[in-house]
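This report describes the surroundings of the ligand, going from the domains and elements around it to individual contacts.

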Amino acid sequence: MTHIQNYINGALVAPKSGEYLDNYNPAKGEVYSYIPDSNSEDIESAYSAAEGAKEMWAATSKQERSDIMMRLAQLIDDNAKELALAESIDNGKTVKLASHVDIPRASSNIRFFATAILHYASESHDMDGIAINYTLRKPIGVVGCISPWNLPLYLFTWKIAPALASGNCVVAKPSEVTPMTAYLFSKLCIEAGMPAGVLNIVHGLGAKVGAAITVHPKIKAISFTGGTATGKSIAAVAAPMFKKLSLELGGKNPNIIFADCDFDKALKTTMASSFANQGQICLCGSRIFVERPIYEKFRDAFVAKTKAMKVGNPLDKETSIGATVSKEHKAKILSYVELAKEEGGTILTGGKEVILEGECANGYFIEPTIIEGLSFDCRVNQEEIFGPVVTIMPFDTEEEVLGYANSTEYGLAATVWTENITRANRFGAKLESGIVWVNCWLVRDLRTPFGGVKNSGVGREGGFHAFNFFTEPTNVCIGL
Ligand code: NAD
């Protein structure tokens, strides 16, 4: 079985402790590889490597950095099949999704920031004959990137690419739940000729490795994507150290469907926004509000389509719902189904674990689940479940549904379905959300600001927003 290695100073190395953790295949419920159980000593050596490479990388021209990253993007494409298979086995997501979304997006992330840096410019301010100011944007130095398990290589590359393109050296930690593609990626970095020390990938537990990055006095910025509780603990340590922080956290996204929507499009997209990746996408719409005149029609069609979804082996091309990521996460999702019953909800479809036959008999499968009859403010409608479980509720007025939509502590993404453009503008602007999709979902232009409000995060990623985060501005004022 593969022993995953850390990638430090350009080489694949074992953890200092010599210890490894079990890595599970969630579709089979069995250990299939081992993860380095790294600690603060590994972070120290990753930091030293990054520190040693810092001046060299910052002095490398944008074009040279871009060229190296473009080679890396090409290598992801060349190895797309192997990476998609690895992502599916490691995470439980269908190989179809990994092939169409995760891996292509990983190479797009690298390519996007490798080319964007060639167009990045900073401001100048002319003071009418008195002075002229121009702003230098310098790399921060050594930065930390910490990513979650739900879109492993997709989000890992989304973080490291802008950091590297803007001239920083990186100490990165992928999720210990899904480390495999970051390991395969480290081999591609070596093949692409990434100079030693520029990117360092340290595997292991959040409480050891992630915490060691957060507390490191010389790692001056942390870009984190993950749960709100983890984000809070990182902020508590990093804020008094005056580190720059970008926090992309949890969500409880509303999907608001007005009676004048394009019904078929809203229904088809709601299937994806509810259950893609087993509902384990931070942008999934888990609270569905439907205007009363079409409530029953929509609900019945949605339930019928959901019942027809195939839960199965993620490697099977026919499967639409793969495994949830871990035994613990499966238990957490099912506990919310029980809570929904206690809170007065009716399970319209799903609600149970699925026991498959054959090699996936011990996998972590759950039926796609729709719950009706809950109030907007109950726990199931307020807390992030992060699984194939959605609630559906009717509403009568725009004002009423706005209150429901904005009632949670989160504010990451919202989806609105209406053919009335005036309403879309008026209503969209009132949603407390970093992202509002109207008549679409998960359509991403990588130049746009990405991030949440309220407890969904601090700061924005994407496009030049990411470069602004990963650089330190110096204003130079020249008297005339
Ligand atoms: P998590 O917070 O448990 O873990 C995320 C990462 O943080 C992992 O690499 C983990 O090892 C590390 N970590 C854990 N404890 C740490 C600590 N004390 N110090 C430093 N690092 C630590 O989240 P998860 O379960 O991996 O991911 C699911 C969550 O991520 C959900 O809440 C989801 O909404 C959120 N998410 C948000 C976005 C977004 O863009 N806003 C995208 C994807 C996922």
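In this predicted model, the shell around the ligand takes at least three residues from domain 1 (2-249 + 456-479) and likewise at least three from domain 2 (253-446). The ligand itself sits in the largest pocket, and the elements that contribute two or more residues to its shell are α7 (206-215), β11 (221-225) and α8 (228-238). The greatest contribution is that of α7, which supplies four residues.

Sorted by class, the shell holds 13 nonpolar residues, 13 polar ones and four charged ones. Among the 30 residues around the ligand, those that come nearest are Ser 147, Glu 176, Thr 230, Leu 249 and Glu 384.

Polar contacts with oxygen atoms of the ligand involve both backbone and side-chain atoms of the protein, as the following table sets out.

| Residue | Protein atom | Distance to a ligand oxygen atom |
|---|---|---|
| Ser 147 | polar backbone atom | 2.8 Å |
| Trp 149 | side-chain N or O atom | 2.8 Å |
| Gly 226 | backbone N or O atom | 3.3 Å |

How much of the ligand's exposed area does the protein bury? Taken alone, the ligand exposes 850 Å², and the protein buries 86% of that area. Ser 147 thus appears twice in this account, since this residue is listed with those that come nearest to the ligand and also places a polar backbone atom 2.8 Å from a ligand oxygen atom.

Methods. Residues are numbered from 1 along each chain as its sequence is written. This is a predicted model: local features need pLDDT of at least 70, side-chain atom pairs count only at pLDDT 80 or more; totals for chains, interfaces and linings use all residues. Side-chain values use heavy atoms; hydrogens and water are left out. A residue is near a molecule or strand if one of its heavy atoms lies within 4 Å of it. A polar contact is a pair of N or O atoms within 3.5 Å; within protein, one must be able to donate a hydrogen and the other to accept it, and residues adjacent in sequence count only if both atoms are side-chain atoms. Accessible areas come from the Shrake-Rupley method with a 1.4 Å probe; for residues, only the protein chains shown count as cover. On a 1 Å grid over the protein atoms alone, a cavity is a set of points where a 1.4 Å probe fits but cannot get out, and a pocket is an open set with protein on both sides within 12 Å along at least five of seven lines; lining residues have an atom within 4 Å of a point. A molecule sits in a cavity or pocket if more than half of its atoms lie within 2 Å of its grid points. Ala, Val, Leu, Ile, Met, Phe, Trp, Tyr, Cys and Pro count as nonpolar, Asp, Glu, Lys and Arg as charged, and the others, Gly among them, as polar. Domain bounds come from an automatic or database domain assignment.
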